[in-house]
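Colleague: Could you take me closely through one part of this model, and tell me what surrounds it and how it packs?

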Amino acid sequence: MAIAIAIILGLVGVLLLWYGHKIWKSLTTGALRGEPGEKIIELPTPRGSLAPDETVFLFAEQFVGTASAEGSTQTTGTAPLSQQPVSLRDQANRLIYATLVDQYQQERLQFRIVERDATMMPPFPQKAWELQVQRSDALTSSPLLDCLNVAFNVIYKQRGVGPADEDSETLWISLDELLEQILKVARAEISFWKREGVYGDLCNYIEEALIARGYLHELPRNTWLERLRNRELRVNREAIEQRQQAADELHQRLTEFRQAYGSEQTRQLADDLTQFDEEANQELSNWAAPLDELPLDDALRMSIYEALSSLRQLEPSGDGR
C-alpha cells in the first residue's frame, strides 16, 4: 500500500512539474521578433503635415537636445530617430513653446505681460509679472492645440464670457491657468495607472497621437511578463525622415521669433534651440524696468518653465516625471 501511495505521489509530482514548466514557458516566451514565424508588420503611410508639437517630439535632436545617459527612466525619454535619451522636462517645455509661438506667428494667439503680486513660491518667488494669452482667431489642430482650445472654452465658460465680451478683459487668461487646464484635458485620456507626472504625461500624450497617426508603432507584447515591462515602439523612420523639411522650417521660424523678441543673450544663442538655462535667468524674475521692455521670448519661456514646475511641485511623486 505504501509503495502504491509513493508511486501515485511521484506521478502527481511529475505532472505538476511538467504543468508548471509549461505555464512558465507560456509566460516568458513567445515568437522572437524577426523570426520566420512572426507576422511582418507593415507600417502605415501617415498622411497630412506634422504640427509643431509633433515635429518637436519626432525631431528632438533639433529642438530639445540629448540628456545624460545616466538619468533616471523617470526623468528621461528617448528621441525617436537617434534613440538618444532626452530630458522629459526640457521636452515638455519645448512642446508647449513651439506650439504657442506657432499660433502667435499666425496671429491666432496674442500675448501680453501684466503686473501681479509675487507668489513667494519657487522657482521664481519674487516674480511680480505674468504672461497672459488671448485667443484671437480659431486655432489650428494638433494634440496640444486641441487641448488648448478646450482649455480656453472651459475657462471662458467658467467666466461667463459671451459674444458681447469681444474686447473684454475677461478674454485674457494667465498662461499658468491655461497650462493647468491643458494638463487636465490631456490626462482625461490617460488612465490613472499610466500617469507619470506633468512632464511625462505631456510627452506621452504626443507620443500616443503619433502612434495613432502611424509615425510610431507599438510592438505587440505576447506574454504576461512582457506586458509588465515598458512597451517598445518601432519608429516609422522613412515617414519621419520625409518630414525633415517641415522640421527645418519650424526651426527657422522659432529662431526668427527669438531673434525678434529675445534678449541680447537669447539672440546670440538663437540658432541653438536645445540650450536650456532654466528657461530664463533671475534678472528677468526681478524685472524692474517697464514691462513692455521685457523680452517676449524670454518671458514666454520663463512662464512655461514656471507654470510646469509649479504644477510638478504639487504632485506627491517628488522628482519623478
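Modeller: Ser-174 lies in strand 5, and in this predicted model Ser-174 counts as buried because its relative accessible area is 13%, under the 20% cut-off. Leaving aside residues up to four places away in sequence, Ser-174 touches Glu-130, Leu-131 and Gln-132.

Strand 5 (173-174) is also among the elements that cover the buried residues of helix 6, and the others include helix 4 (88-105), strand 4 (129-135), helix 5 (143-159), helix 7 and helix 13 (296-313). The residues of helix 6 that are buried are Leu-175, Leu-178, Leu-179, Gln-181, Ile-182, Leu-183, Val-185, Ala-186 and Arg-187. As for the length of helix 6, its 13 residues should span 18 Å at 1.5 Å a residue, and the end C-alpha atoms are indeed 18 Å apart, so the two values agree.

Turning to the packing with one of these neighbours, helix 6 (residues 175-187) meets helix 7 (residues 197-213) at an angle of about 60°, and the axes of the pair are 10 Å apart. That angle makes helix 6 oblique to helix 7, and the crossing in which helix 6 passes helix 7 is left-handed. On the helix 6 side the contact involves Ile-182, Leu-183, Ala-186 and Arg-187, which meet Gly-197, Val-198, Asp-201, Leu-202 and Tyr-205 in helix 7. Sorted by class, this contact of helix 6 with helix 7 consists of six nonpolar residues, one polar residue and two charged residues.

Note on methods
Residues numbered from 1 in each chain as written. Predicted model: local features only at pLDDT ≥ 70, side-chain atom pairs only at ≥ 80, totals over all residues. Heavy atoms only, no water. Axes fitted to C-alpha atoms, helices over the stretch in contact; angles between N-to-C directions. Helix = DSSP H or I, 4+ residues; strand = E, 2+ residues; numbered from the N terminus. Parallel < 35°, antiparallel > 145°, perpendicular 65-115°, else oblique. Left-handed = near helix turned anticlockwise from the far one by under 90°. Contact = heavy atoms within 4.5 Å. Nonpolar A, V, L, I, M, F, W, Y, C, P; charged D, E, K, R; others polar. Expected span 1.5 Å × (residues − 1). Buried < 20%, exposed > 50% of the residue type's maximum accessible area, 1.4 Å probe, protein only.
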